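User: I'd like to go through this one and check the labels against the numbers behind them. Can you walk me through the reasoning?

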Amino acid sequence: MTGPFHLVLRTAIRERGLPLDRLRSRLAERGIQIGLASLSDWQHGRARPQRPNSLRAVAVLEEILGLPRHALTGLLATHHLTPFRPQQGVDEYHGPMGELLDMLPGARDWNLEVITSEHAVTVDAHRSPSRVTVRSLARARRDDVDRTVVRYFGAPGCAIDRVRVVPVRNCAVGRLLRHREGRALAAELLFGQRLQSGETWVWEYELHDATTSESESDFAHAFRRPEGTCLMEVRFHPDALPSRVHDYFRTDLYVDRHRVKELMLNAHHAVHVATSGMNSGVIGISWEWPD
């Protein structure tokens, strides 16, 4: 696995199946006292181990989690000259998406706290990921919240003017803007009523992109604000099965990706990635087609 540090740590913890309190106990057995809050902050990019006791804990975590030597400590050493900045939402002030959001007043406001979100991609028999279904549960952070904004980036060659946003449950499409050169789309989803602070809302919609070709082999979700649980799933048609699938992470929208691990298709020709507590970056699933 490659960095960043917090993603490698979180992935290792998930694969090992050890809850944080158990990790803390295992460290304590070796004379290292680390709080649950610190372990949580390390794996979600809110803090970086820097003190001698913390660095010693990271070396021991490599053993506990069954990682190669320096798999974690090496990542810290690589970035020791870089001033640490807690992970925050992806940059939506630049690039094609930034231009679209500038035309939608309030689109960047943090009005909703996402509790859970599910993103399911359907790859058809022609190897085209032509439909994305998104279902979300969120809580209003202030009074009079009545909408959210959908973001979508098309693949190279995508005809963004032909991409459709289809409301499924508890929403309707409001203003919809497209950036042709940047293959980007931003659309309001209207709830049809105003939520008061603390109220929850469930909505579901689909993105239909019939212009996506088999050359597109990727799907991702960007975190703009802290989210609860996020599930991403890609479902393949039995006549269009990939040769390899893996998940990846990138720190922002327009930077290189870091491959995390290979994913295996289940009995229903699908793969998924689940994460929780993310507050920044982009997670994605990518696949390769057989020759």
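Analyst: Sure. Keep in mind that this is a predicted model. Let's start with Thr 211: leaving aside neighbours within four places in sequence, Thr 211 is in contact with Gly 157, Cys 158, Ala 159 and Arg 162.

User: What makes those residues count as contacts of Thr 211?

Analyst: Contact takes heavy atoms within 4.5 Å. Gly 157, Cys 158, Ala 159 and Arg 162 are in contact with Thr 211 on that basis. As for where Thr 211 sits, it is found in the loop between strand E7 (200-208) and strand E8 (218-222).

User: And why is Thr 211 called buried?

Analyst: The cut-off for buried is under 20% relative accessible area. Thr 211 has 16%, so it is buried.

User: How far apart are Thr 211 and Asp 124, in sequence and in space?

Analyst: Thr 211 and Asp 124 are 87 residues apart in sequence, and C-alpha to C-alpha they are 13 Å apart in space.

User: On to His 179. How do you know whether it is buried or exposed?

Analyst: Same test: buried is under 20%, exposed is over 50%. His 179 comes in at 13%, so it goes down as buried. This residue lies in strand E5. Not counting residues up to four places away in sequence, His 179 touches Pro 96, Glu 99, Leu 100, Ile 160 and Ala 184.

User: Which strands does helix H6 lie across?

Analyst: Helix H6 (residues 95-102) lies across E3, E5 and E6, and runs at about 40° to E6. The buried residues of H6 are Pro 96, Met 97, Gly 98, Leu 100 and Leu 101. What covers them includes E3, E5 and E6.

User: What makes E3 and E5 edge strands?

Analyst: Each of them pairs on one side only. The sheet is open, with three strands in the order E3-E6-E5 and antiparallel pairing. Its edges are strand E3 (145-153) and strand E5 (172-179). On average, neighbouring strands of this sheet are turned by 20° against each other, direction ignored.

User: How do you know that E5 and E6 pair?

Analyst: Pairing takes at least two bridges. E5 and strand E6 (residues 184-195) are joined by six, and they run antiparallel. In that pairing, Arg 178 stands opposite Leu 185 in E6.

User: How many bridges join E1 to E2, and how many join E2 to E7?

Analyst: Ten bridges join strand E1 (residues 112-123) to strand E2 (residues 131-140), running antiparallel. Ser 117 stands opposite Ser 136 in E2. Between E2 and E7 there are nine bridges, antiparallel again. Here Val 134 stands opposite Tyr 205 in E7.

User: Last one: why are H2 and H4 called roughly perpendicular?

Analyst: Helix H2 (residues 20-29) and helix H4 (residues 52-64) pack at about 110°, with their axes 10 Å apart. Angles of 65 to 115 degrees count as roughly perpendicular. H2 and H4 therefore get that label. Their crossing is right-handed. On the H2 side the contact is made by Leu 23, Arg 26 and Leu 27, and on the H4 side by Ala 57, Val 60, Leu 61 and Ile 64.

User: What is that contact of H2 with H4 like by class?

Analyst: It has six nonpolar, no polar and one charged residues. Arg counts as charged, and Arg 26 of H2 is one of the residues making the contact.

How values were computed: Residues are numbered from 1 along each chain as its sequence is written. This is a predicted model: local features need pLDDT of at least 70, side-chain atom pairs count only at pLDDT 80 or more; totals for chains, interfaces and linings use all residues. Side-chain values use heavy atoms; hydrogens and water are left out. Axes are lines fitted to C-alpha atoms, for helices over the stretch in contact, and angles run from 0 to 180 degrees between N-to-C directions. Helices (H or I, at least four residues) and strands (E, at least two) are DSSP runs, numbered from the N terminus. Angles under 35 degrees count as roughly parallel, over 145 as roughly antiparallel, 65 to 115 as roughly perpendicular and the rest as oblique. A crossing is left-handed if the near helix is turned anticlockwise from the far one by less than a right angle, and right-handed if clockwise. Buried means under 20% relative accessible area, exposed over 50%, partly exposed in between (1.4 Å probe, protein chains only).
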